[in-house]
Structure formats: C-alpha cells, structure tokens
Amino acid sequence: MHTEIENSLNEAKTALDNLLNNEQALTGIKTAAEILISTFENSGRVFSCGNGGSMCDAMHFAEEFTGRYRKDRRGYPAVSISDPSHIACVGNDYGYDFIFSRYIESHGQKGDCLLGISTSGTSKNVIKAQVQAKEMGLKVISLTGRQGSEMENYSDVCICTPGGSFADRVQELHIKILHIMIELVERHFHPELYD
C-alpha cells in the first residue's frame, strides 16, 4: 500500500509540475483573474457551474468569494448554479442539458461572468450555459482537462490542465487554479491582507 500512496503523490506532483511549466495555462490564469477583477469592479456577478466533482469545485469557488478565503474582507457577488430545486425543475421540464443555461438566462446580466468547469471539456449543459452567456454579453472562463475541447469555442479564456488518464488529477489542478484566481482577486482589492 505504501507504494501506491507514493505513486499517487508522484502522479500529482508530475501533473503540478506540468502545469507550472505550461506558459499558456499560466497566462490563462492571469487573464481569468483580470476578468474576475473587472467583473467585480463594474458591479457584476460571477456564476460558476459544473457536474459532479466540478459542481463541488464551482460551489467551493463561489463560497470563497461570498465567505472568507484567507482573512476577513468584504464579500463578493458569486453564486454556483447548484440549487437542487432549480436543477430538478429544469431537468424535468427541459432536460438536464439546460440546467445551467436556463439559470444564466434567468439571472445573468451583461457585465457578469460565467466560470464553466468540465474535466472533459465536453459537458453539454456547461457548453449550453456558455453559449447563453455569450449571447447575453457575459464574459466566459473555462476550466477543462482536454486540449481542443468544444468549450474553447465559447470562452474568453480557456485554461486546460491535462492531468493524466483520469479526471481526479485534472480536478486537483482545477482546485489549485481556482484558489490562485481567488488570491489574485484578493491581492488586487485588498493588498493589505498580503503584507
């Protein structure tokens, strides 16, 4: 069992090293943080969505803005599209592919931002939300784990983190990127927290 633990940690380290050496991804993280900063500066809201573990990441991302990340500061308007009554209603009436796009249609405004998370980059409901967001004038940030995915076509910035053969490594990199973006937003608005 010790060998399997070491192998798992070494896979994670390799995936993180690959991200660290991926200039395109690092530039994408910076651009995404700039979009988030601009959204908040202009009184916009940030929406986030994903399926399964990616929904959990979308929820975590939103609550770090509305709650506290490292130290006390004001909350920021962020919400994950994860209300079970909305999902059950839209899933029943329109189909699961529309659970996120219908929410954006109902709540999104020009000047807002959508963060879509999909390890495969092919989640139909996330893509439909991106299409809806672009039509309404929202900025779109994507986190994927596969280069050349359809999500790139509907993104202002798409950050791709190939983590290996399975989604868990991709998700581990996604949460790291989400935390970095939150930190960059905090550093912009509250540099005193990082003195």
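This is a short dialogue on reading the sheet, two packed helices and one histidine in a predicted model.

Colleague: Let us start with the sheet. How many strands form it, and in what order?

Modeller: Five strands form an open sheet. Their order is 2-1-3-4-5, and the pairing is parallel. The edge strands are strand 2 (78-80) and strand 5 (157-160). Each of these pairs on one side only.

Colleague: By how much are neighbouring strands turned against each other?

Modeller: The average is 15°, with direction ignored.

Colleague: Which strands pair with strand 1?

Modeller: Take strand 3 (residues 113-118). Strand 1 (residues 46-49) pairs with strand 3 in the parallel sense, over four bridges. One bridge links Val46 to Cys113 in strand 3. Strand 2 also runs parallel to strand 1, and three bridges join them. There, Ser48 stands opposite Ser80 of strand 2.

Colleague: Which way do the residues of strand 1 point?

Modeller: Val46 and Ser48 point one way. Phe47 and Cys49 point the other way. All of them are buried.

Colleague: Which strands does helix 5 touch, and which does helix 7 touch?

Modeller: Helix 5 packs on the sheet and touches strand 1, strand 2 and strand 3. The direction of helix 5 makes about 170° with that of strand 1. Helix 7 packs on the sheet too, touching strand 3, strand 4 (139-144) and strand 5. Its direction makes about 145° with that of strand 4.

Colleague: Now the helix pair. What describes two packed helices?

Modeller: Two values do: the angle between the axes and the distance between the axes. Here is the case. The axes of helix 4 (residues 84-93) and helix 5 (residues 99-107) come within 9 Å. They cross at roughly 110°. An angle of 65 to 115 degrees counts as roughly perpendicular, so helix 4 is roughly perpendicular to helix 5.

Colleague: Which residues meet there?

Modeller: From helix 4, they are His86, Ile87, Val90 and Gly91. From helix 5, they are Ile99, Arg102 and Tyr103. The residues of this contact divide into four nonpolar, two polar and one charged.

Colleague: Last, His190. Is His190 buried or exposed?

Modeller: His190 lies in the segment after helix 7 (167-189). Under 20% relative accessible area means buried. His190 has 14% relative accessibility, so it counts as buried.

Colleague: What does His190 touch?

Modeller: Leaving out residues up to four places away in sequence, His190 touches Arg73, Arg74 and Tyr76. With Tyr76 there is also a polar contact, side chain to side chain, at 2.9 Å.

How values were computed: Residues numbered from 1 in each chain as written. Predicted model: local features only at pLDDT ≥ 70, side-chain atom pairs only at ≥ 80, totals over all residues. Heavy atoms only, no water. Helix = DSSP H or I, 4+ residues; strand = E, 2+ residues; numbered from the N terminus. Buried < 20%, exposed > 50% of the residue type's maximum accessible area, 1.4 Å probe, protein only. Polar contact = N/O pair within 3.5 Å; in protein donor to acceptor, adjacent residues only side chain to side chain. Contact = heavy atoms within 4.5 Å. Axes fitted to C-alpha atoms, helices over the stretch in contact; angles between N-to-C directions. Parallel < 35°, antiparallel > 145°, perpendicular 65-115°, else oblique. Nonpolar A, V, L, I, M, F, W, Y, C, P; charged D, E, K, R; others polar. Pairing = 2+ DSSP bridges.
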